[in-house]
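Here is a walk through one protein chain, from a single side chain out to the fold around it and back again. Keep the structure open as you read and click along.

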Amino acid sequence: MRRLLAPLALTLIPSLTLAKSIEIDASLLLDEDVTPLADTAPPLDYRAEVTPIVWWSSLDADVSIDGGSRFGMETIDGDEPQIAAGAEARLDTQRLTFALGGFHRSDNLDDTVATERVDTIAAGSRVDWDLDITSLSFTAGYRFDDLLPEADVDLLLDVYAGVRMFDVDLSITGPGAQLDFDETWAAPVIGGRLRLNLPHDFDVLIDADFGYLPLGDTTVGTWSVFAGFGYHPTANVGLRVGFRHLTFDYTEDVGTGDREFDAFLAGLYAGVVIRF
């Protein structure tokens, strides 16, 4: 009989020990002083924001169509700067930054051809031109923070690279002729974004970039600078106001000369910052 009971006991003892261990572990889960594992996980360190923007900007452009003579379109000294509407979206982690933004501007104005003759349009003729400009950009960068560790303010520097795309659709109608320029191009850009966080929910922002790309007979380029300030009275909503200058150029050698659109937009820039 003993010989029969001994193996059974050896089998039951570990099982009872395991059951007791499970019971003890289960009781720990019921202890109010034990913090659940999910609550001890560190929070994700990121911030997302979307900024609808309006850009009250003036345009200055020199255009050469199919290698013809250049003529100018200029509203920088005029009475009607146009509003470009757009948006920016950002995702910032502790070290990495990502940004996607763009705008669209549409013009329909009467202007005067420059002093040179353009195809069949005589110098000094009144012309009507319709212009649509669309731009999109995407950048990714690396953040250097706490650049002023001993100061009462916080200085951040983002160094980034990406691409900026332009789509320009221009139609010029004058006495005896209609000229068209319709091109889409993109250029790589590199730049930096410096933000100084000040007391009382204010900040100062400077953002500048440059891009250039030669492709055979075609060369494209762009540069941009923004300087402004922000005010964030709440954690989720703020205001950003400043001045932006954007230059963009498309040049193509068509044999008889350059087919070119060389322009800049400059003016007041404002947006509502919505943070998540």
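Start at Ser224 and look at what surrounds it: beyond residues up to four places away in sequence, Ser224 touches Arg164, Asp207, Ala208, Asp209, Arg244, His245 and Leu246. The model is a predicted one, so treat every number here as computed from it. Ser224 sits in strand S9. Is this serine buried or exposed? Its relative accessible area is 5%, and because anything under 20% counts as buried, Ser224 is buried. Its side chain also has a polar partner, with a contact of 3.3 Å joining Ser224 and Arg244.

One of the residues that Ser224 touches is Asp209, so hop over there next. Asp209 lies in strand S8, which covers residues 202-215. With a relative accessibility of 10%, Asp209 counts as buried because the cut-off is 20%. Which side chain does Asp209 pair with in a polar contact? That would be Tyr160, at 3.3 Å. Tyr160 also turns up among the residues Asp209 touches, along with Arg164, Val189, Ile190, Gly191, Trp223 and Ser224, once residues up to four places away in sequence are set aside. Arg164 is worth a click too, as it appears in the contacts of Ser224 and in those of Asp209.

Now zoom out to the whole chain. How many helices and strands are there? The chain has 1 helix and 11 strands, and in sequence order the pattern reads α-β-β-β-β-β-β-β-β-β-β-β. Of the 276 residues, 36% are buried. If you take the contacts with a separation of 6 or more, 61% of them are between residues 24 or more positions apart.

Next, the inside. A search of the whole structure turns up 1 cavity of 30 Å³ or more, and the largest cavity has a volume of about 560 Å³. Its lining is made of 34 residues, and those nearest the centre are Glu88, Ser137, Asp207, Arg244 and Tyr269. You have already met Arg244 as the polar partner of Ser224, and Asp207 as one of the residues Ser224 touches. By class, the cavity lining comes to 14 nonpolar, 10 polar and 10 charged residues. Strand S4 gives the most to this lining, with 7 residues.

S4 spans residues 96-112, and His104 is found in it. This histidine has a relative accessible area of 37%, so it falls between the 20% and 50% cut-offs and is partly exposed. Its side chain makes a polar contact of 2.7 Å with that of Thr134. Leaving out neighbours within four places in sequence, His104 is in contact with Ala84, Ala85, Asp132, Ile133 and Thr134. For a sense of spacing, the C-alpha atoms of His104 and Phe166 are 9.9 Å apart, although 62 residues separate the two along the chain.

The largest nonpolar core is the next stop. It has 31 residues, and those that touch the most other members are Trp129, Leu131, Leu170, Phe181, Trp185, Phe248 and Phe261. The strands that each supply at least two residues of this core include S4, S5, S9 and S11, while S1 gives the most, with 5 residues. Leu131 makes a good example: not counting residues up to four places away in sequence, it touches Leu59, Arg105, Ser106, Asp107, Val168, Asp169, Leu170 and Phe261.

There is also a pocket to look at. The largest one has a volume of about 200 Å³, and its lining includes Asp45, Arg47, Asp92, Arg143, Asp154 and Arg195. What is the mix of residue classes here? The lining divides into 2 nonpolar, 3 polar and 7 charged residues. S1, S3, S6 and S7 each supply at least two of its residues.

Finish with two loop residues. Most residues other than glycine have a negative phi. Asp146, in the loop between S5 and S6, has a positive phi of about 55 degrees. Asp201, in the loop between S7 and S8, has a positive phi near 70 degrees. Asp146 is partly exposed at 47% relative accessibility, and Asp201 is partly exposed at 43%.

Conventions
Residues are numbered from 1 along each chain as its sequence is written. This is a predicted model: local features need pLDDT of at least 70, side-chain atom pairs count only at pLDDT 80 or more; totals for chains, interfaces and linings use all residues. Side-chain values use heavy atoms; hydrogens and water are left out. Helices (H or I, at least four residues) and strands (E, at least two) are DSSP runs, numbered from the N terminus. Buried means under 20% relative accessible area, exposed over 50%, partly exposed in between (1.4 Å probe, protein chains only). Contact means heavy atoms within 4.5 Å. A polar contact is a pair of N or O atoms within 3.5 Å; within protein, one must be able to donate a hydrogen and the other to accept it, and residues adjacent in sequence count only if both atoms are side-chain atoms. A nonpolar core is a set of buried Ala, Val, Leu, Ile, Met, Phe, Trp, Tyr and Cys residues joined through side-chain atoms within 4.5 Å. On a 1 Å grid over the protein atoms alone, a cavity is a set of points where a 1.4 Å probe fits but cannot get out, and a pocket is an open set with protein on both sides within 12 Å along at least five of seven lines; lining residues have an atom within 4 Å of a point. Grid points are joined across faces, edges and corners, and a volume is the space filled by probe spheres set on the points. Ala, Val, Leu, Ile, Met, Phe, Trp, Tyr, Cys and Pro count as nonpolar, Asp, Glu, Lys and Arg as charged, and the others, Gly among them, as polar.
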